[in-house]
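Q: Got a minute to go through this complex with me? I'd like to start with the contacts between chains.

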Amino acid sequence: MLLAILSGFLLATVAPAVHRQTGMNSGWVLAILPAALFLYFLSFLPAVGSGESIVISYPWVPGLDIQLSFLVDGLSLLFALLISGIGFFIVAYAGRYLEGHKDLGRFYVLILSFMASMLGLVLSDNLISLFVFWELTSITSYLLIGFNHEDATARRSALQGLFVTVGGGLALLTGLVMMAVVTGSYELSEILSSGDALRDHGWYVAIVLLVLLGCFTKSAQVPFHFWLPRAMAAPTPVSAYLHSATMVKAGVYLMARLNPSLGATDLWLILLGVFGALTMFTGVFMSIRSTGVKQVLAYSTVMALGTLTMLIGVGTDTAIMAAMAFLLAHSLYKGALFLIAGILDHEAGCKDFLQTGGLRHALPITATFAAIAALSLGGVIPMFGFVAKELLFEAVLEAPSLSGLLSLLTVASAILVVAVAAVVGIKPYWGPRVETPKTPHHEAPPAMLAGPAVLASLGLLFGVGVAMVDRGLLSAAAGAVYGSPVETYLSLWHGFNLPLMLSLLSLVLGLTIYFNWDRFRTATGFMDDLKRFGPERAYDKSMDGLVSISEWQTRVLQNGYLRYYLLTILLSTVALVTFSIARAGGLEIQMSLAGVRIQELAIVAVLLLAALVSVTTSSRLGAVASLGAVGFSVALIYVLFSAADVGITQVLVETLTVIMLVLVLFRLPGFLGLTPQALRIRDAVVALAFGVMVALLSLAASSTRFADSISEYFIRESEPSGFGRNIVNVILVDFRALDTLGEIVVLALAAVGVYAMIKLRAEDNRK
Amino acid sequence: MTRELNIQSLILRSASQLLLPLLLMFSIFLLLRGHDEPGGGFIAGLVAASAIALHMFAQDIHQAKRVLYADPRDLVGWGLVFGVISGVPAIFKGQAFFTSQWLEFTMPILGKIKVGTPLIFDIGVYLVVVGSVLLILLTLAEAED
Amino acid sequence: METLMAFVVGGLFAAAIYMMLRRSIVKLVIGLILLSNGANLLLFTQAGMLRGAPPLVPLGATQPEGVVADPLAQALILTAIVIGFGVLAFAVVLIHRAYEVVEADDMDQMKDTDT
């Protein structure tokens, strides 16, 4: 399992090399991996279909109790199959779509890494690894959206997507950690069974809000929907993969995943239901208002994400089953439609539906599968999309609360969806031939047709033979989301009931809108003015604000004067320490000068005097000499107080320091009186304040001991188990040898640094 | 900047000829006894480095480099290698890295002698300290010329 | 003695900081040296100060006689002194390089990164 997930990353590392070797067939070659993964995941189907869930775990950071554990149940298997299955067609398709692109190798690296991250996300059982994969999908999709990095729009869109999703990711992390604290486990498989503990906990509302913030941003729910259509700046295969089938479904996945432990409350229902329904309607409304090929599809994805969110919020077994069916249907037709959008662009150069028309003769196969996929999108019998839509109507009509509002929005959306489907499936291929930027000479190559053909056909196949996916995959997935096995099963024909009537109604009204598409768009033109108040505007404003805050704080804090940095640090330290001392009600200090011997007093006096001289002297020689005096006095203190080794070291280092200073310091200019008197007094006051603080803290620390020193152990064990009688040395080379190793490495680095700085300059001079 | 680095003093020159071998032997002595009495790799390394630094002042840089035989950069490298190697045997015994391992010998005159990985580690420390300090001082002194 | 040392440490810190706040880079170096001495002494003071009780085990014994000074603090300070030398050397050479580039002993003329 670990290998299955990491294989994407591994292949990504060699993908450019493979691409160079295999040339124009690289897409097919690299697509072998997703295909193999698809088959691998398919092998889980019998077990998972019968209701099992499989947990596989590997230790990762045992010290923090973080395992790399994976959970395979209906939900994760459904997603894993979609990711690897659609991934296969995307990789193969991209090989031809981007053929000859200079960065195709890089594209493979990114798309394979993205696929691996996505698989990791849906299969993770551990919250931390789930989060890591979650962020990895954000980062890889950022790179993919910005793939055409020379284009400013692409860069801006990529950054926007990144900020929105990663910002939500931060909220999500907080929510996940809080959830783990409440349930006492980071394992999803355990959290899922402690739903009651979570729902009754005081943090429940906060957890739900934080987790949903993460999911809503990722899955482009209102008001964070604006980044998704922007993300269409990516190459079309990326749009097809990330923004229809996978990445944006991550939020939906997580909501579905956590439904058993966080769901079934009014808060959950209202938040998901209302935001989902609003997103659904906004998405489809924006979709029909757009004319750009990818824009239409992108907004209809927003619609689908809203629908899924709403269904998870409704939370009845019918609703959950509907969500899973809708998820599958949407992935199939949207994947196909996006790939077809790529074909339109590739063969005919069309990026806007208004530029298209009558292409059915030039692109007959494309037109056929576009029609099939569009029928599924529109929810026309006998497509799988129809099955899903019937169940969707049924679920909202039976919703435990808010049924009226949700039904109204759902029907309104369904009408517009039919219109969108007509735009997508009819407009480019039928009617009079419209002059396209490029005249298509031939049908798209097989690598590009394979995806749309298979995905669209599956939409038809699953509709006619609904039992193929119903019992097994979808019921297991729905069971995992619902928390217990579901009793609802799918069927193509429900009889003449209310959902069917609504379907027929939406079909008629939808087609009416399609035939009056131009008038509809003009009539709703006033909506464009509302953009000024939209969330995207808020995003822009907040980005501007962030930039000006950074500028301000750089100007104020990063002013380039070392002493102001120091002053800031010192004064805040003094202030904070004073504050905490005051809060603790003063320090407990015991002062005693008893037992101080006269020679010790003399040494201390010399030390302080020498320090004072080194500060006040105006000659460098005087300063070096007095520093020597300070150092040797310190050495004497070590020796007098039982630290012979330290004393010897101090003496030797002091000698070497003087040698070094002699070698360097005198090549620097003499002291300058640069600072006016007033500033010197200010600095002296700060320095004294800090000195007094250190002295007081030292006093306070000397009179308090919180724990026994571990030195007792070293003293006791030095001879018996370290075979050495010099305890200090035994500590250095035996008990704490690893620390010492680190320290000699630092010393070595400092020496190499000195060498490099001087020798490199010599090189410069020679040039 | 063409100040003469070496100090023109006959006494110092002659003394350093005598002192150098003594100090180097003393540093080895400090290194070996360090486990039981004050001394050890750090101190011994500093003594050796000071001895050679003194030699550098009394004679000249080339003399000092000749005494050292090896390039100080190599000493640093070897020291780190010794340091790391001394931790390895423990792994083969299934213990944590750097768990000390001891071998006991009985020698004809010296009696029982214990040799362990901490001694190898201490030699590593010694080499790194000698190497680093001299690398710093010799580079600085060379820059002076 | 700890009381007396507390004031010595405070004095060293004050002197070090005053020097580090100066504009002359040479004074900055002097400040660094004073500061590392102060920090080492602070650690030494905190471990408790005992006269004539080095952490050595007498020949033939397995335990030291009576109470001995804290060996751990001594080990820490010992390495700190040696590392302090290395870091000081690095700082001094760095400063020397900076001086060569900027040709000024004044920290205020080193505030730009792109010289």
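Q: How many residue pairs are in polar contact between chain A and chain B?
A: The count is 12, with both residues of each pair at pLDDT 80 or more. Keep in mind that this is a predicted model.

Q: Which elements of chain A give two or more residues to the side that touches chain B?
A: Those are helices H30 (644-664), H32 (711-722), H33 (727-735) and H34 (737-766) of chain A. H34(A) has the largest share, 15 residues.

Q: And how does that side of chain A split by class?
A: It divides into 25 nonpolar, seven polar and six charged residues.

Q: How many salt bridges are there across the interface of chain A and chain B?
A: The rule finds two. In one of them B:Glu37 pairs with A:Arg725, and the closest N and O atoms are 3.4 Å apart.

Q: OK, how much area do chain A and chain B bury between them?
A: About 3,800 Å², with 75% of it on carbon and sulfur atoms. The contact involves 38 residues from chain A and 44 residues from chain B.

Q: Switching partners: what's the area buried between chain A and chain C?
A: That one comes to about 8,200 Å², and carbon and sulfur atoms give 74% of it. In residue terms, 91 residues of chain A are in contact with 86 residues of chain C.

Q: Which residues of chain A lose the most area to chain C?
A: A:Phe641, A:Arg725 and A:Met757, which together make up 8% of what that side buries. You've met A:Arg725 already, as the salt-bridge partner of B:Glu37.

Q: How many salt bridges does the rule find across the interface of chain A and chain C?
A: Two there. One of them joins the side chains of A:Asp683 and C:Arg22, at 2.8 Å from N to O. The rule also finds 13 residue pairs in polar contact across this interface, both residues at pLDDT 80 or more.

Q: Which helix has the largest share of the side of chain A that touches chain C?
A: H31(A), with 13 residues. By class, that side of chain A has 57 nonpolar, 20 polar and 14 charged residues.

Q: What does UniProt annotate on chain C?
A: The unreviewed entry puts "transmembrane region" on residues 6-21, 28-52 and 72-95 of chain C. In the model, residues 28-52 of chain C are 76% helix and 0% strand, with end C-alpha atoms 36 Å apart. Residues 72-95 of chain C are 100% helix, and their end C-alpha atoms lie 34 Å apart.

Q: Now inside chain A: what domains does the assignment give?
A: Domain 1 (1-164 + 225-253), domain 2 (265-525), domain 3 (562-710) and domain 4 (711-767). The C-alpha centres of domain 1 and domain 2 of chain A lie 23 Å apart.

Q: How much do domain 1 and domain 2 of chain A bury between them?
A: About 3,100 Å², 80% of it on carbon and sulfur atoms. On the domain 1 side of chain A, A:Leu78, A:Phe89 and A:Tyr93 lose the most area to domain 2, together 21% of what that side buries.

Q: What about polar stuff, how many salt bridges are there across the interface of domain 1 and domain 2 of chain A?
A: The rule finds zero salt bridges there, but it does find eight residue pairs in polar contact, both residues at pLDDT 80 or more. H5(A) gives the most to the domain 1 side that touches domain 2 of chain A, with 14 residues.

Definitions and conventions. Residues are numbered from 1 along each chain as its sequence is written. Chains are lettered from A and ligands numbered from 1 in the order in which they are written. This is a predicted model: local features need pLDDT of at least 70, side-chain atom pairs count only at pLDDT 80 or more; totals for chains, interfaces and linings use all residues. Side-chain values use heavy atoms; hydrogens and water are left out. Domain bounds come from an automatic or database domain assignment. Buried area is the accessible area (1.4 Å probe) that two parts lose on being put together, summed over both. A salt bridge is a side-chain nitrogen of Lys or Arg within 4 Å of a carboxyl oxygen of Asp or Glu. A polar contact is a pair of N or O atoms within 3.5 Å; within protein, one must be able to donate a hydrogen and the other to accept it, and residues adjacent in sequence count only if both atoms are side-chain atoms. Helices (H or I, at least four residues) and strands (E, at least two) are DSSP runs, numbered from the N terminus. Contact means heavy atoms within 4.5 Å. Ala, Val, Leu, Ile, Met, Phe, Trp, Tyr, Cys and Pro count as nonpolar, Asp, Glu, Lys and Arg as charged, and the others, Gly among them, as polar. UniProt positions are given in the numbering used here, feature names are shortened, and annotations may be inferred rather than shown by experiment.
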